[in-house]
Amino acid sequence: MKLQQATRYSILAVLHMASRPNEQIPASELADIYGVSQHHLAKVLRTLSRARIVESMRGAGGGCSFIGDARKITLYDIIRLFEDDWLTPRTTETEAPTDVSAELFRVLGEVDRITAATLQSVTLQTIINNAERVARRRDQNQGNSHKA
Amino acid sequence: MPTQEHDATGVVIDAASYEDLQTIIKIDCNASGEAKPEFWLECYKRQGAEPNSTFLVAKSDGKIAGFTIGTIKTWEFGSPACGWVETIIVAPEFRGQSIGTQLFDAVVSHFRSNGITTVRTMLDISDHALMSFFRFQGMSAGPFIELEMQSE
């Protein structure tokens with residue numbers, strides 16, 4: 001699946017903030033890490049703020065912080081804030097006038113069903129935990145190879 | 001399988017006993033909407049008959065809080081040996097206390113003690129909460145996919 005740039009940045013920004021809970025993270029830090037303009041990032045953060053997922057603080061020491069529940073917010077929750085036509089729309093009889101075309105749309109719907117189920121079951125905390133697992137395994141393997 | 005695994009919260013993970021079956025049937029019936037006494041009795045019998053199968057219950061203050069079944073299968077669907085988590089259910093009043101995670105860890109530990117490190121499960125695609133639980137434990141889509149049809 002191909003997501004819009006704003007959607008990808010929003011997921012990355014939310015994960016970055018959720019992995020450092022209770023911290024104010026400067027927007028400039030997010031912009032630098034993910035190579036996105038501050039203007040573009042500000043738009044993304046406004047949407048996330050309206051959804052009560054992040055909170056922005058102005059002034060010295062200001063920045064953004066994650067205020068949602070990382071164990072409950074899924075990738076689907078973030079994506080649907082930015083994308084409105086990423087799943088195949090339900091087909092009408094006019095769009096699928098034959099049995100063959102109806103079967104084609106059923107197959108496309110099957111793909112969407114798997115995609116939606118996957119995104120609805122992956123929470124931010126799951127991504128963070130899995131990334132930490134991968135890092136731990138990598139460190140262990142590096143440690144083992146140094147010992148060998 | 002080591003029995004009587006305690007943790008700091010007082011939850012005990014132990015092999016299911018015959019006396020546990022009535023509560024197990026009730027917890028499953030509440031979750032699925034259907035009582036399946038024969039099925040659970042067969043699962044219980046299999047635990048004794050097949051060393052590759054384990055049926056564990058989690059008890060909190062002596063009450064059954066949840067249960068799980070794990071079975072090691074070799075060359076099923078052409079797959080080398082792996083451990084299947086066939087069931088994992090926590091009673092609603094005990095949810096949010098990491099009992100599901102303790103049961104999952106216990107069944108994975110059973111697999112590991114038998115030399116099995118690949119863990120697999122299958123679930124209803126619309127059960128996002130359960131899928132989320134398994135993903136939270138570190139599971140993700142594997143190399144197999146389930147297909148089905150209604151025969152004519």
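Start by selecting strands E5 (residues 82-90) and E6 (residues 119-120) of chain B, which run parallel and are joined by two bridges. Strands pair if DSSP finds at least two bridges between them; strands (E, at least two residues) and helices (H or I, at least four) are DSSP runs, numbered from the N terminus. This is a predicted model, in which local features need pLDDT of at least 70, side-chain atom pairs count only at pLDDT 80 or more, and totals for chains, interfaces and linings use all residues. Residues are numbered from 1 along each chain as its sequence is written, while chains are lettered from A and ligands numbered from 1 in the order in which they are written.

Now click on Gly83(B): its bridge partner in E6(B) is Val119(B). Gly83(B) is also the partner of Ile72(B). That takes you to strand E4 (residues 63-73) of chain B, which runs antiparallel to E5(B), with eight bridges joining them.

Next, add helix H3 (residues 99-113) of chain B: with E5(B) and E6(B), H3(B) makes a right-handed β-α-β unit. Right-handed here means that, with the strands pointing away from you, the path from the first strand over the helix to the second runs clockwise.

Last stop: select helix H5 (residues 99-121) of chain A and helix H4 (residues 128-136) of chain B, whose axes come within 8 Å and cross at roughly 60 degrees. Axes are lines fitted to C-alpha atoms, for helices over the stretch in contact, and angles run from 0 to 180 degrees between N-to-C directions. Which residues meet here? Ala117(A), Gln120(A) and Ser121(A) meet His128(B), Met131(B), Ser132(B) and Arg135(B), where contact means C-beta atoms, placed from the backbone, within 7 Å.

Terms used. Two residues are in contact if their C-beta atoms, placed from the backbone, lie within 7 Å.
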